[in-house]
Amino acid sequence: MPELLGIECDATGAARIGGAVRLSELADHPIMRDRFAALASACEQALTPATRETETLAGSLGQRPQCPYFRAQVSCRKNGGTDCPAHDGENQTLAILEGGPCWVVHPSDPATALVALEATILVDGPDGARPIPAAAFFVLPTVRMDREIALNDGELIVAVHLPAHSAGGFQQFARVKDQASNYALVSLATVRRTDGEARMVLGGVSPRPYRVYGSVEEEAISGGLDDDTIASLAERALLDAEPLSKNGDKLEFAAVLLRDGIRAIAEG
């Protein structure tokens, strides 16, 4: 299927990425690095070099959670059980935001960048093609438990569209790596577009990429922030966090990344 291949960029600054494009290709692509640095950096940091050579963008977005109980097929809500053994068990890598009744996190680094870049996921299937905004593509366990993305049966990810208004500006992607798995314990995609709008999206903290409060983004772009104000904004971004018994360190990791991201935006 040729529509699954290739990276196409147009004169407006927009880009179309085939679902079968490998992460390594995205990370090394000169136009991606220039126009959509947050995505290129997320692909460059994802997992291991060997994995980046084989994993596709669609595969990254569609991968299942890395919860140790789910992966081991221990009885849990996502496996058809009635409770969540991770809630009071080995939950070091699980959600601190938007969790319950399942506390998985979406493991894809590119997913976090795509939400920050306001990408659109293009899917096709028995009922025809349809576009899904990246922010709506990843779903919470309260919406559906059988899968983590908004694909219906028989559908596949054909491509990802990156809009022209998200090209350029200031973009960065940072992560704190889980040494045991190479997945991100916490990550942050930070974008300040050429039109002045800012977007900050956390990964590794929620069942979906988590965009921080718009008020935090708006104050960050106002500039002239001192360290206390930056720390206060990072704290506000995490007001709703509810760490589990063994993943409280994620709160501090997220705060550190947020402070760095807010400072970068404020300095413009």
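Here are some questions and answers about a predicted model.

The model is predicted, so local features need pLDDT of at least 70 and side-chain atom pairs pLDDT 80 or more, while totals for chains, interfaces and linings use all residues. Residues are numbered from 1 along each chain as its sequence is written, and side-chain values use heavy atoms, with hydrogens and water left out.

Q: Why is leucine 47 called buried or exposed?
A: Buried means under 20% relative accessible area, exposed over 50%, and partly exposed in between (1.4 Å probe, protein chains only). Leucine 47 has 15% relative accessibility, so it counts as buried.

Q: How do you know whether glutamine 73 is buried or exposed?
A: Glutamine 73 comes out at 67% relative accessibility, so it counts as exposed.

Q: What makes the phi of glutamine 73 worth a look?
A: Most residues other than glycine have a negative phi. Glutamine 73 isn't a glycine, yet its phi is positive, near 60°. Leucine 47 does this too, with a positive phi of about 50°.

Q: What makes the bond between glycine 100 and proline 101 stand out?
A: Most peptide bonds are trans. The one joining glycine 100 and proline 101 is cis, with omega about -5°.

Q: How do you know on which side of helix 9 the buried residues lie?
A: The buried residues of helix 9 (a DSSP run of H or I, at least four residues, numbered from the N terminus) are Val216, Glu217 and Ala220. They cover an arc (taken from the directions from the helix axis to the C-beta atoms) of only 100°, so they sit on the same side of helix 9.

How values were computed: Helix = DSSP H or I, 4+ residues; strand = E, 2+ residues; numbered from the N terminus.
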